[in-house]
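Colleague: Thanks for sharing this one. Could we go through the words you use for it and see what each rests on?

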Amino acid sequence: MLATPRNRKLGMAEERSGEDIVSEYLGQNPQLAQWVDTFRGYCESNKQWFARREFILRNMEAFPTVEPGVSSSSLDRLLSLSMVWANHIFLGCSYPQAVMEKIKEMGEGIVVQDAPVHKTRKDEVMSKGKRSATAEGDTDSCVKRAKCGPNELDSRPAMRTATRPVSQKAGPPPQAPAEHQPFFNRLYKAVAWKLVSAGGFGPNLDHFEILRSCVESCKQTLTCVFVPLKDITGLPAGRTQKEGHVCEIRCQTVYMGTGYGRDEAAARAMASKEALKAFQGRKVTVKICRRRYKGKDMEDLMLFDEQPRSQGFPPALSYPFQDEQLDDGSL
């Protein structure tokens, strides 16, 4: 960190809180205050924003091309790092070691009063003491699942067991939305700030890259399924064109969006754009809803914003919850 006048002002007077120092400094620089406040997220509390604002101001001089009111790749990086730091402090998110070391260095000297304490899975297991052999087996199974790589999580059907009766209806279990909601809450914040740094949601963005990078920052991967348009039955009467592809995007088995394009890349871009639309509201919610899959009405996990849906959903191109008996049939 450079010893600039700004940083000397922000680092002085140990007995004063960082928030007081920042507030005084911004009071003397109203244009800077107005500019930096545009980066505050809708869902950020005062405590979260004041801490992240201090992080941004303390590190501005480490990015020489950052100028108030001017968009740049350096500003995008600074804002992304500030969000990563805030996610780690307030949500307990973890990142690759190099990133963790970077934000630790950049956050040095920032004091967050009554910062939340986040327990790791290991802490939770150790705090429960000894268990029976059966309970220990269950815990080991959970830990192994948590350690699986993102590709393993995406490639295996979720919530399936070998003991499911043939007569039991396929679909996500009732508790699935509650299990997936914490991840999508974190993804919502990551996407919101990525869009802020990109200047807002618009047609000229690389929607897939934004969605992919945000999902990977949350330690998961996207699943994209492509189907030639000519292979899909039951299209609306007005859809006579048979050339092109349709793409469906999921994450953690949760449906996010469908898009059509002349090729797979174009279809994926449109599906990503549709998925990002859900992040324009105040929150996203995982729900179980009924939709068509291979000519049958099935229950599926889907991501929603706060807007009511006035039309039906596109048919599913994949179904992570299916039994083998559902493998036959048309889309």
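Below, the talk moves from the chain as a whole to one residue, a helix pair and the cores.

Colleague: What am I looking at, and how many helices and strands are there?

Modeller: This is a predicted model. The chain holds 12 helices and 5 strands. Of its 331 residues, 41% count as buried. Among contacts with a separation of 6 or more, 58% join residues 24 or more positions apart.

Colleague: Let's take Leu 78 as a test case. Why is Leu 78 called buried?

Modeller: Buried means under 20% relative accessible area. Leu 78 has a relative accessible area of 0%, so Leu 78 is buried. Leu 78 sits in helix α5.

Colleague: And what does Leu 78 touch, leaving out residues up to four places away in sequence?

Modeller: Leu 78 touches Phe 55, Ile 56, Asn 59, Met 60, Phe 63 and Met 106. As for Leu 57, its C-alpha is 9.9 Å from that of Leu 78, with the two positions 21 residues apart in sequence numbering.

Colleague: Some of those contacts lead to α4. What makes α4 oblique to α5?

Modeller: The axes of α4 (residues 46-59) and α5 (residues 73-91) cross at roughly 140°. Angles over 145 degrees would count as roughly antiparallel, and 65 to 115 as roughly perpendicular. The crossing angle fits neither range, nor the one under 35 degrees for roughly parallel, so α4 is oblique to α5. The two axes come within 10 Å, and the crossing of α4 past α5 is right-handed.

Colleague: Which residues meet there, and of what class are they?

Modeller: From α4, the residues include Lys 47, Arg 52, Phe 55 and Ile 56, and from α5 they include Leu 78, Leu 81, Trp 85 and Phe 90. By class, the contact has 10 nonpolar, 3 polar and 2 charged residues.

Colleague: What makes a group of residues a nonpolar core?

Modeller: The residues must be buried, of the nonpolar kinds that count, and joined through side-chain atoms within 4.5 Å. The largest such core here has 35 residues, and those with the most contacts inside it include Phe 184, Leu 211 and Met 256. Elements that each supply at least two of its residues include α10 (176-197), α11 (207-217) and β2 (245-251). α10 gives the most, with 8 residues.

Colleague: Which contacts does Leu 211 make beyond its neighbours within four places in sequence?

Modeller: Leu 211 is in contact with Leu 222, Ile 249, Met 256, Ser 272, Ala 275 and Leu 276. Apart from this core lies another, of 34 residues, among them Leu 32, Phe 55, Met 60 and Val 66.

Methods
Residues are numbered from 1 along each chain as its sequence is written. This is a predicted model: local features need pLDDT of at least 70, side-chain atom pairs count only at pLDDT 80 or more; totals for chains, interfaces and linings use all residues. Side-chain values use heavy atoms; hydrogens and water are left out. Buried means under 20% relative accessible area, exposed over 50%, partly exposed in between (1.4 Å probe, protein chains only). Helices (H or I, at least four residues) and strands (E, at least two) are DSSP runs, numbered from the N terminus. Contact means heavy atoms within 4.5 Å. Axes are lines fitted to C-alpha atoms, for helices over the stretch in contact, and angles run from 0 to 180 degrees between N-to-C directions. A crossing is left-handed if the near helix is turned anticlockwise from the far one by less than a right angle, and right-handed if clockwise. Ala, Val, Leu, Ile, Met, Phe, Trp, Tyr, Cys and Pro count as nonpolar, Asp, Glu, Lys and Arg as charged, and the others, Gly among them, as polar.
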